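Reader: I'm new to reading protein models, and I'd like to look closely at one part of this one. Please take me through a sheet and whatever lies across it.

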Amino acid sequence: MGQALGCIQVDQSTVAISETFGKFDDVLEPGCHCLPWCFGKKSAGTLSLRVQQLDVKCETKTKDNVFVNVVASIQYRALAEKAQDAFYKLSNTRSQIQSYVFDVIRASVPKLELDAVFEQKNDIAKAVEEELEKAMSHYGFEIVQTLIVDIEPDERVKRAMNEINAAARMRVAANEKAEAEKILQIKRAEGDAESKYLAGLGIARQRQAIVDGLRDSVLAFSVNVPGTTSKDVMDMVLVTQYFDTMKEIGASSKSNSVFIPHGPGAVRDVASQIRDGLLQAGQNN
């Protein structure tokens, strides 16, 4: 009924193009408009002012001769103040944008090696956006955003890159492991040296205490038992220690100690050697 009366409705975020006898007449804003057909007026079509998105997949070659598929996402919209240009000057907007994207990507990517393409994808997106903005502004369109959303090398190249990355990470891990083992060995050696030093210090103190104790015992025995000599006291002490040692060896079921020569008569020879050593130590002190 509205069309018969020459009335049309324009939806929100949309403009309509009216013509009079086939010639552009006006841009109609959202709302209801009267276009009396008897005066040659009609609606030539509508133009959406919403942001639209176009994904473009472009195959090209890098500087190091690797073929890649670059996927660019272009967000654009028609300008209401240039609706006449946007409606009449381009017959296929998406195809025109795609051609410009192909041109810029195939001019930019061949100057870069594969790794640089990944690193400089924002620069590539900026170059595409600048070129599109400059070209499409003449046709009444605005480029809202340009993104390089994906870079896909050949499958064999991707596999090789993953292997290189894995090998590099394994090399770093091996170096770190070797460094950790080196530190452990150094710390273990330092601990072993410190342990041996303290053990040696303890043994030295123990022997010094034994020497001091024997000396005090000999002196005390000589004072308390008149007529005994230092030799008599040492012989008695060594015989006592000999029997104490034999007792401990006999009490142990897993003892593997062997005395050569063995027997009480051998104590005299051992006693003379120990006595000479103790007396020499006492003179040095």
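Author: Happy to! Helices (H or I, at least four residues) and strands (E, at least two) are DSSP runs, numbered from the N terminus. The model is predicted, and local features need pLDDT of at least 70, side-chain atom pairs count only at pLDDT 80 or more, while totals for chains, interfaces and linings use all residues. Residues are numbered from 1 along each chain as its sequence is written, and side-chain values use heavy atoms, with hydrogens and water left out.

Let's begin with the sheet. Strands S6, S7 and S8 make an open sheet in the order S6-S7-S8, and their pairing is antiparallel; two strands pair if DSSP finds at least two bridges between them. At the edges are S6 (52–61) and S8 (141–153), each pairing on one side only. From one strand to the next, the twist averages 20°.

Now follow the chain from S6 into S7. The two strands form a hairpin with five residues between them. In that turn, look for Asn 65, which has a positive phi of about 60°. Ten bridges join S6 to S7, and you can find one place along this pairing where Asp 55 stands opposite Ser 73 in S7.

On the other side of the sheet's middle strand, S7 (residues 67–78) pairs with S8 over eleven bridges, again in the antiparallel sense. Two spots help you to trace this pairing: Val 71 stands opposite Asp 150 in S8, and Arg 77 has Glu 142 as its bridge partner.

Next, add the helices. H2 lies across S6, S7 and S8 and runs at about 35° to S6. H4 lies across S7 and S8, at about 145° to S8. (Axes are lines fitted to C-alpha atoms, for helices over the stretch in contact, and angles run from 0 to 180 degrees between N-to-C directions.)

These two helices also pack against each other. H2 (residues 93–108) and H4 (residues 121–136) have axes 9 Å apart and meet at an angle of about 140°. H2 and H4 are therefore oblique to each other; under 35 degrees is roughly parallel, over 145 roughly antiparallel, 65 to 115 roughly perpendicular, and the rest oblique. Their crossing is right-handed, meaning that the near helix is turned clockwise from the far one by less than a right angle, with anticlockwise being left-handed.

Which residues make the contact between H2 and H4? From H2 come Thr 93, Gln 96, Ile 97, Tyr 100, Val 101, Val 104, Ile 105 and Ser 108. H4 brings Ala 127, Val 128, Glu 131, Leu 132, Ala 135 and Met 136. Contact here means heavy atoms within 4.5 Å. The residues of this contact divide into ten nonpolar, three polar and one charged. (Ala, Val, Leu, Ile, Met, Phe, Trp, Tyr, Cys and Pro count as nonpolar, Asp, Glu, Lys and Arg as charged, and the others, Gly among them, as polar.)

To put the picture back together, find the antiparallel strands S6, S7 and S8, then lay H2 across these three strands and H4 across S7 and S8.
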